[in-house]
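Let's take a friendly walk through this model together. Have the structure open and follow along from one element to the next.

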Amino acid sequence: MNNNKNKAFSCPPIKKAFVILSSVALLLCTTVAQAAIGYKDGFDKAILMGHSFFKPGTDDLEVLAPFLGYDRHNQYRQTAGGYNGDPGSLWRDIGENEGAKAEIKMGGVELLALTVYDPADGDSDYEDYVTWIDFTLQYNAESLDTVAIFVPWGSYKQYPNYDDYRAFTDDATVFMNDLIQDLRVAYPLLTILHIPGGEIMTRLWKLHDDGLLGPEVKGIYELGDRNYLQRDNIGHPGYVVEDAIGLVWQQTIYPETDIRDRKSTRLNSSHARYL
């Protein structure tokens with residue numbers, strides 16, 4: 001994570017928001033994601049692929065997982081901007097012995113994570129998830145345990161009214177839950193998880209409107225200001241959203257840890273100085 005974000009996360013107002021953010025994360029993971037036990041000491045080889053909305057949560061996961069005691073956690077991430085980060089585009093754009101495909105062919109993959117696709121753009125569909133999962137199983141039949149799909153959020157500039165934004169999020173959630181359920185039926189031996197980024201943004205908007213986020217969140221949108229929930233016309237997140245998404249990634253991938261509990265038994269003495 002970049003230095004600016006680290007400074008924001010460590011400042012007193014952001015720390016004060018931790019309890020709210022972690023409670024939202026826990027609630028989302030227990031109501032949206034499929035129950036899973038995870039790998040108790042971390043996924044030793046996680047392949048994470050997506051676009052720029054996918055990146056903040058996986059940045060945080062790389063820090064949070066070992067920080068919270070999942071010492072085996074090790075990840076390889078491939079990021080491509082916009083629609084280039086959806087599963088179909090990545091499959092077409094990555095060479096057979098390059099990037100994530102090369103890592104998968106080396107074996108030992110325990111976790112595969114992809115992002116949602118937009119059915120309107122025609123770049124991806126359900127079969128692209130199948131292609132990636134089958135390809136990973138071809139080289140990792142004994143190790144692949146979990147597949148996670150990250151569902152991002154809409155742009156405030158496109159849906160500036162909360163009720164319209166809430167409806168958009170609900171439609172996207174239903175769409176992805178249906179797709180994920182189909183994957184669970186097709187791959188009954190795998191754990192298939194839904195990481196609800198869109199729900200995070202929507203609930204934080206409502207918490208802000210209800211006056212529950214505090215002064216560290218100035219508002220919903222302001223161009224170039226990371227102290228708002230969204231900082232550009234595309235919808236890239238500000239500091240608090242980035243941190244909340246990281247917590248949701250952690251809680252979904254490793255549900256044994258209650259991220260609200262700073263004295264979790266999973267924390268050892270080497271982590272204690274960070275609390």
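**From the sheet to the empty spaces**

Let's start with helix 8, which lies across strand 4 and strand 5 and runs at about 170° to strand 5. Keep in mind that this is a predicted model. A second helix to look for is helix 7 (residues 126-140), which lies across strand 1, strand 3 and strand 4 (146-151) and runs at about 165° to strand 3.

The strands beneath these names belong to an open sheet of five strands, paired in parallel and ordered 2-1-3-4-5. Strand 2 (75-79) and strand 5 (191-196) stand at the edges with a single partner strand each, so one side of each has no neighbour in the sheet. On average, and ignoring direction, neighbouring strands of this sheet are turned by 15° against each other.

Now look at the pairings around strand 3. Strand 1 (residues 46-50) and strand 3 (residues 111-115) pair in the parallel sense over three bridges, and Leu48 has Ala113 in strand 3 as its bridge partner. Strand 3 and strand 4 also pair in the parallel sense, over five bridges. There you can find Leu111 opposite Thr146 in strand 4.

How many of the six residues of strand 4 are buried? Six of the six are, so strand 4 is largely enclosed by the rest of the structure. Both of its faces are covered: Thr146, Ala148 and Phe150 are buried on one side, and Val147, Ile149 and Val151 on the other.

Next come the empty spaces. The largest pocket holds about 740 Å³ of space. Its lining has 26 residues, with Tyr83, Asp118, Pro152, Trp153 and Phe168 nearest the centre. Here helix 8 (residues 162-186) returns, giving the largest share of that lining with five residues. By character, the pocket lining divides into 14 nonpolar, eight polar and four charged residues.

There are also two cavities of 30 Å³ or more. The largest cavity has a volume of about 40 Å³, and of its eleven lining residues, Glu216, Arg226, Asn227, Tyr239 and Val240 are the closest to its centre. Helix 10 (239-253) gives the most to this lining, with three residues.

The second largest cavity contains about 40 Å³ of space. Its lining includes Val151, Pro152, Trp153 and Phe168. Helix 8 and helix 9 (197-209) are the elements that give two or more residues to this lining, and helix 8 gives the most, with four residues. The lining divides into five nonpolar residues, four polar and one charged.

How values were computed. Residues are numbered from 1 along each chain as its sequence is written. This is a predicted model: local features need pLDDT of at least 70, side-chain atom pairs count only at pLDDT 80 or more; totals for chains, interfaces and linings use all residues. Side-chain values use heavy atoms; hydrogens and water are left out. On a 1 Å grid over the protein atoms alone, a cavity is a set of points where a 1.4 Å probe fits but cannot get out, and a pocket is an open set with protein on both sides within 12 Å along at least five of seven lines; lining residues have an atom within 4 Å of a point. Grid points are joined across faces, edges and corners, and a volume is the space filled by probe spheres set on the points. Ala, Val, Leu, Ile, Met, Phe, Trp, Tyr, Cys and Pro count as nonpolar, Asp, Glu, Lys and Arg as charged, and the others, Gly among them, as polar. Two strands pair if DSSP finds at least two bridges between them. Axes are lines fitted to C-alpha atoms, for helices over the stretch in contact, and angles run from 0 to 180 degrees between N-to-C directions. Contact means heavy atoms within 4.5 Å. Buried means under 20% relative accessible area, exposed over 50%, partly exposed in between (1.4 Å probe, protein chains only).
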